[in-house]
Amino acid sequence: MPVDETETQVILTHPSDPNTKVTILKYGATVISWLNKGEEKLWVSEGAFLDGSKPVRGGIPLVFPVFGKQKSEAHPTFKLPQHGFARNSTWEFLGQTTANPPTVEFGLGPEQVSPDLLKLWGDGSYDFTLILTIKLEEDKLTTLIDIENRGSKEFEFNWLFHTYYRIPDITDTLVNNLVDQSCFDQLLAEEYTEKSPVISFHEEFDRIYQKVPLDKTFQIIEFGKVLFNLHRINLNDTVVWNPWIKKSEATADFFPKNGYLNMLCVEPGNVSSFVKLGAGEKWQGGQELSLGGEIKVQTNI
Ligand code: BG6
């Protein structure tokens, strides 16, 4: 069976390899495992809650309708918790759309969100449909989000795929193709232009690369070997995050405490500004994660 459903999870298995699978928790429609030929590609904390009591620390949590915590009191997302409500709502499994490659859909509307959370977004009357599509190919995982405003008034949202990659060692890891891009450093609260041809990691790292052209593919590289390629669909910003030592210590569900060595978040989204969606309008964004291949250096020319 390429798609198995339990009460809490959906598991897709690739028809050509029983050890290539993706597991999605209905809670948050969170991808919690991507196994490629028996090897895990995503990082999930050993202290993550998978029982629906807290967003999952790891995998691919979904951020909507606000990234981080909104600072402007006047904005309708101000009262929402950090990263919104998509990652802590139980999505409806809508079923399989194709058998090969195995593809499934999950849906979220106001009826799936707890009334206590929903009322924190504006006056609680926005009407929306979110459809998440997950497609598993042999060496590739695609996650697509379709958002429709089903109400009679405009709303504004951020979207982000908060992908936690599993990597052998952060101190040997590089990310390319962000050079000359504008970035907002969340730790310094400063905006500047990235000057490193490749990014490396030696301390806590939390930057939002803003309005990066969509033809740029980011590669996660170790010792000259491409581990992952990230291609974005209509997602202009990318957050790069590693909590390092102190923040991992301070994060209760982050375990083991030296797990920061084996994870890196590269999170495509629209977070430097809000997407406006008028009544009846639709929007789509997505990420394609693929494995291996050649190093491709993309400059701004
Ligand atoms: C990242 C943010 O996307 O998410 C960080 O850039 C934040 O600032 C991190 O710390 C984790 O957030 P949370 O809410 O899952 O602890």
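In which loop is Pro-65 found? In this predicted model, Pro-65 is placed in the loop that runs between β6 (62-63) and β7 (92-98), and the peptide bond leading into it from Phe-64 is cis, with omega near -5°.

**Overall architecture**

The protein chain contains two helices and 22 strands. Its radius of gyration is 18 Å, close to the 19 Å that the globule rule gives for 301 residues, so the chain is as compact as a globular protein of that length. Measured out along the principal axes, the C-alpha trace spans about 50 × 50 × 40 Å. Of the 301 residues in the chain, 40% are buried, and among contacts between residues at least 6 apart in sequence, 65% join residues that are at least 24 apart.

**Unusual backbone geometry**

A cis peptide bond also joins Phe-255 and Pro-256, where omega is about -5°; Pro-256 belongs to the loop between α2 (244-250) and β21 (263-277). Two alanines, Ala-29 and Ala-189, call for attention on account of phi. For Ala-29, a residue other than glycine, phi is positive and near 45°, while Ala-189, likewise not a glycine, has a positive phi of about 55°. The table sets out the loop that holds each of these alanines.

| Residue | Phi | Loop between |
|---|---|---|
| Ala-29 | near 45° | β3 (17-25) and β4 (30-36) |
| Ala-189 | about 55° | β14 (182-185) and β15 (190-193) |

Is Ala-29 buried or exposed? Ala-29 has 30 other C-beta atoms within 10 Å, and because a residue with 20 or more such neighbours is classed as buried, Ala-29 falls into that class. Ala-189, by contrast, has 7 C-beta neighbours inside 10 Å and therefore counts as exposed, the limit for that class being 12 or fewer.

**Surroundings of Pro-101**

Pro-101 takes its place in the loop between β7 and β8 (103-108), and with 17 C-beta neighbours inside 10 Å it counts as partly exposed, because that number lies between the limits for exposed and buried residues. Which residues does Pro-101 touch, not counting those up to four places away in sequence? Its contacts of this kind are Lys-135, Leu-136 and Glu-137. Glu-190, on the other hand, is 89 residues from Pro-101 in sequence, and the two are 43 Å apart in space, C-alpha to C-alpha.

Note on methods: Residues are numbered from 1 along each chain as its sequence is written. This is a predicted model: local features need pLDDT of at least 70, side-chain atom pairs count only at pLDDT 80 or more; totals for chains, interfaces and linings use all residues. Helices (H or I, at least four residues) and strands (E, at least two) are DSSP runs, numbered from the N terminus. The radius of gyration is taken over C-alpha atoms; the globule rule is 2.2 Å times the number of residues to the power 0.38. Two residues are in contact if their C-beta atoms, placed from the backbone, lie within 7 Å.
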